[in-house]
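User: I have a chain open here and want to go through its layout and one of its helices. Can you take me through it?

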Amino acid sequence: MNSKEKNRNNLKKIAYAGVLAALVFIGTELHIPTAIGHINLGDLVILVSSYILGPFAFVPAAIGSTLADLMAGYPQYAVATFLIKGIMGLVAGLLLKRNSEGKVSLARKLSASFIAEIIMLAGYFVFESLPFMYGVEAALGSVIPNGIQASAAIVGAIPLMYVKLFNKYQAEQKRLVLDRKASR
């Protein structure tokens, strides 16, 4: 692969990340009321981003979620959100590695999504437990709403991971890797 193709590939990846960051932001801003608070669809988009971009999903997950916190008036969460949501995208992207046929099993999709959401639950619990935030007792109160949000994200993201359009980007990435190996 020549440098022009490499640059083009990098630009595509950055463009996808930008669009997905905007979708994470929008998904986070769309609130669905529940009996004990509300949930948002940002995590659903993060999981789908991880399926599409792999570990590079750190970028749209961290940026889109952090911007949503800042716009919603929660700047005290910005750094924690950047790290927690970014790590969610990174870990899920690493776990959603495709097999030799370019596919990801349902079990892998479920486990990657579950692990990413555990990162979110644990990350916010630890952050909110800090003495300068709310303390452990108050942080426990956000576990159930965050668990509902995590469950909704997994239930919504898994079917979207079967959308053929998302496989097109991955097939192109695989072709580029094979071309790179062949040119060595």
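**Layout and one helix**

Analyst: In the protein chain, 71% of the contacts (heavy atoms within 4.5 Å) with a separation of 6 or more are between residues 24 or more positions apart. This is a predicted model, in which local features need pLDDT of at least 70 and side-chain atom pairs count only at pLDDT 80 or more, while totals for chains, interfaces and linings use all residues. Residues are numbered from 1 along each chain as its sequence is written, and side-chain values use heavy atoms, with hydrogens and water left out.

User: How many helices and strands in the protein chain?

Analyst: Eight helices and two strands, taken as DSSP runs numbered from the N terminus (helices H or I, at least four residues; strands E, at least two). Along the sequence the pattern reads α-β-β-α-α-α-α-α-α-α.

User: What share of the 184 residues is buried?

Analyst: 40% of them. Buried means under 20% relative accessible area, exposed over 50%, and partly exposed in between, with a 1.4 Å probe and protein chains only.

User: On to α2. How many of its residues are buried?

Analyst: Twelve of twelve, so α2 is mostly covered. The buried residues include Asp43, Ser49, Ser50 and Tyr51.

User: Does its length make sense, i.e. what span should α2 have?

Analyst: 16 Å for its twelve residues at 1.5 Å a residue, because the expected span is 1.5 Å times one less than the number of residues. The end C-alpha atoms of α2 are 16 Å apart, which agrees.

User: What follows α2?

Analyst: Gly54, with a positive phi near 70°.

User: At what angle do α2 and α4 pack?

Analyst: About 35°, with the axes of α2 (residues 42-53) and α4 (residues 78-95) 8 Å apart. Axes are lines fitted to C-alpha atoms, for helices over the stretch in contact, and angles run from 0 to 180 degrees between N-to-C directions.

User: Which residues meet there?

Analyst: From α2, Asp43, Ile46, Leu47 and Ser50; from α4, Lys85, Met88, Gly89, Ala92 and Gly93.

User: And the largest nonpolar core: which residues touch the most other members?

Analyst: Leu44, Leu47, Leu53, Leu96, Met120, Ala157 and Met161, out of 32 residues. Such a core is a set of buried Ala, Val, Leu, Ile, Met, Phe, Trp, Tyr and Cys residues joined through side-chain atoms within 4.5 Å. α2 gives the most to this core, with eight residues.

User: What does Ala157 touch?

Analyst: Leu44, Leu47 and Val48, not counting residues up to four places away in sequence.
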